[in-house]
Amino acid sequence: MTKRKNGVEGIDDGALKKRITSEKSDGRPWSELPMDLLGDISRKLNLVDHLAFGGVCRSWRMSALASERDVIASQPPLVVLPSVSADKVLSLYNIFEENTYQIELPTFASKECCGLSSGYLVFQDRKGQDELWLINPITRHELKFPTPPTNISHATITSPTTPSDSSIVALSKDFVRLLFYRPSDDKWTIYKTPEPKCFYADIIVFKGQVYVLTCNGKIWNLRLQSDASLTLFAVCDNPVRCSTILRRFSFQYRPNVFLVASDDELLMVNFRVFTRPKIFKVDLQTRKGVVTNTLGDKALFIADMSRALISNPTKWGGRNNCIYALDYYLDPIYVLSLEGKILQTLKDTGSSSCRKCTFHSSYWYFPNKCFHVDFLNEN
C-alpha cells in the first residue's frame, strides 16, 4: 500500500492542491494545455505578446521557443522610435497595426545607436571610450567589439560560422574611412577612400561577399581574408548622377545613395525624399548596374542606417512597388511612389526633437533578420 498523505492514498500535498484547483475551475490548468493548441495560439501573436507568452510557465515557454523563428520571421518592419529620457526601454512602432511596443534592455545611457545589422542594434559610447556593444532586442544575445579608433555611422557584422565568430565592418562618421575588425585581429584596420574626392556611402553583405559603395556609384568588393583587399567590382550606368549625393547639414554629411538586397537581387538606390529615385539592379555576372523602374511585389523600406527590400508587404495591409521612407530631417513616415509622389503619410516619429538621443532619429528594425547572420564565402 502506498503512503497516505492528507487522507488521500498515494497523493502528496502539492498534487492534491493541483487536483483541487483543477476541479474547482472545472478544467485543466492553463499550464497543461495541449502543445499543438499552444503552438496555434503562439503563432498568431504579435512580436511583444509572443515574448510575454513565453514567460508564463515552462510549457508555454517551450511552445514559444518552438514557434519563435516562424513568428519573428512573419513580423513586419518596425520603427525604432527616438526617446529623450528612456535609457533602458526600446520603443518599436508597428505602422500597420498602429501599435507601439516597449522592450526593456540593459541600460544604454551615454551610448548612441550607430547601426543595425542582422537584428542587432549597434551602440557606441558617445565619448568613444567603451567597447562597441551589440544587442539583439528580440533574442537578447549580445556581442562586443574593441573600441574603434573613430566614431562610426554605420556597421554590419558578418561571420563564417556563428555570431560569436563575427567580423565587423563600419564607416567612419565623416564617411572618409572604412574600418573592419576580425576575431584574429589585435586592432582595427582602416582603409581611406579608394579614389580622390570620394566618400564612402554604404556597406552590405550579399551572397557571401562584402560590398562597399562609394558616392560616385562604384561598388567595391572587400575581402576579409588574411590578405585583406578592396577591389573595384561594379559600376552603375551614368554614375555622374550619383556624384552629388552627399548633403551637408549641421556639419554632417549624409549619403543619399545606398545598397539594398533581397534574397535574390542587389540594388543600388539614389534617393531623396520627394524626388524621383533612381534604382539600379546590379548584375553580378556583367558587374554593371542597370536602371530598373519597378520593384514588382516588393517595397523598399529606407532609413538613415537601415533599409531592406521586403517582399509582399500587402500581407500586413501595406503596399507593393513603393518606398516607405524615414528621413533624418523629417518627422512623418512617408509612403512614396517610384516617381517620388506621396501616396500616404504615416506616424509623426518625433525625430526632429531628438538629435541628441540614444536613437537620435527613427530607424527601421527588421525582426525577420533576428536569426539571419550574413555568412562570408571565403572562396
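Four bridges join strand S8 (residues 132–135) to strand S9 (residues 142–145), and the two strands run antiparallel. This pairing, like everything described below, comes from a predicted model. Within the pair, Trp 133 has Lys 144 in S9 as its bridge partner. S8 and S9 together form a hairpin with six residues between them, and in the turn Arg 140 has a positive phi of about 70°. The two faces of S9 can be told apart, since Leu 143 and Phe 145 make up a covered face, whereas Glu 142 and Lys 144 make up an uncovered one.

**The sheet of four strands**

A second hairpin is formed by S4 and S5, with four residues between the two strands, and here Glu 98 in the turn has a positive phi of about 55°. Strand S4 (residues 89–94) and S5 pair in the antiparallel sense over six bridges. Two of the positions along this pairing can be named: Tyr 93 stands opposite Thr 100 in S5, and Leu 90 stands opposite Ile 103 in S5.

Both strands of this hairpin belong to an open sheet of four strands, which has the order S5-S4-S3-S29 and antiparallel pairing. Strand S5 (99–104) and strand S29 (363–365) each have a single partner strand, so they stand at the edges and one side of each is left without a neighbour in the sheet. From one strand to the next, the twist averages 35°.

After S29 the chain enters a loop that leads to strand S30 (374–375), and Asn 368 has its place in this loop. With a relative accessibility of 35%, Asn 368 counts as partly exposed, because that class lies between 20% and 50%. Although Asn 368 and Ser 118 are 250 residues apart along the chain, their C-alpha atoms are separated by 8.8 Å.

**The sheet of eight strands**

Another open sheet has eight strands in the order S14-S15-S16-S17-S23-S22-S21-S20, and its pairing is mixed. The edges are taken by S14 and S20, each of which has a single partner strand, so one side of each is left without a neighbour in the sheet. Neighbouring strands of this sheet are turned by 30° against each other on average, when direction is ignored.

Inside the sheet, strand S21 (residues 266–270) pairs with strand S22 (residues 278–283) in the antiparallel sense over five bridges, and Met 268 stands opposite Phe 280 in S22. At one edge, strand S14 contains Phe 206, which is buried because its relative accessible area is 5%, under the limit of 20%. Phe 206 and Ser 262 are 56 residues apart in sequence, yet 8.6 Å apart in space from C-alpha to C-alpha.

The strand pairs described so far can be set side by side.

| Strand pair | Bridges | A facing pair of residues |
|---|---|---|
| S8 and S9 | four bridges | Trp 133 and Lys 144 |
| S4 and S5 | six bridges | Tyr 93 and Thr 100 |
| S21 and S22 | five bridges | Met 268 and Phe 280 |

**A cavity with strands in its lining**

A search of the whole structure finds three cavities of 30 Å³ or more, and the second largest cavity has a volume of about 80 Å³. The second largest cavity is lined by 13 residues, and those that lie nearest its centre are Phe 175, Pro 255, Asp 304, Met 305 and Arg 307. Strand S10 (152–159), strand S14 (200–206), strand S19 (252–255) and strand S20 (257–261) are the elements that give two or more residues to this lining. Two of these contributors, S14 and S20, are also the edge strands of the sheet of eight. Sorted by class, the lining of the second largest cavity has seven nonpolar, two polar and four charged residues.

**Cysteines**

How many disulfides does the model contain? The count comes to zero, under a rule that asks for two cysteine sulfur atoms within 2.5 Å. For Cys 215, which is in no disulfide, the nearest cysteine sulfur is that of Cys 198, at 4.1 Å. Is Cys 215 buried or exposed? Cys 215 is buried, because its relative accessible area of 5% is under 20%. By the same limit, Cys 57 also counts as buried, with a relative accessibility of 17%.

Technical notes
Residues are numbered from 1 along each chain as its sequence is written. This is a predicted model: local features need pLDDT of at least 70, side-chain atom pairs count only at pLDDT 80 or more; totals for chains, interfaces and linings use all residues. Side-chain values use heavy atoms; hydrogens and water are left out. On a 1 Å grid over the protein atoms alone, a cavity is a set of points where a 1.4 Å probe fits but cannot get out, and a pocket is an open set with protein on both sides within 12 Å along at least five of seven lines; lining residues have an atom within 4 Å of a point. Grid points are joined across faces, edges and corners, and a volume is the space filled by probe spheres set on the points. Ala, Val, Leu, Ile, Met, Phe, Trp, Tyr, Cys and Pro count as nonpolar, Asp, Glu, Lys and Arg as charged, and the others, Gly among them, as polar. Two strands pair if DSSP finds at least two bridges between them. Axes are lines fitted to C-alpha atoms, for helices over the stretch in contact, and angles run from 0 to 180 degrees between N-to-C directions. Buried means under 20% relative accessible area, exposed over 50%, partly exposed in between (1.4 Å probe, protein chains only).
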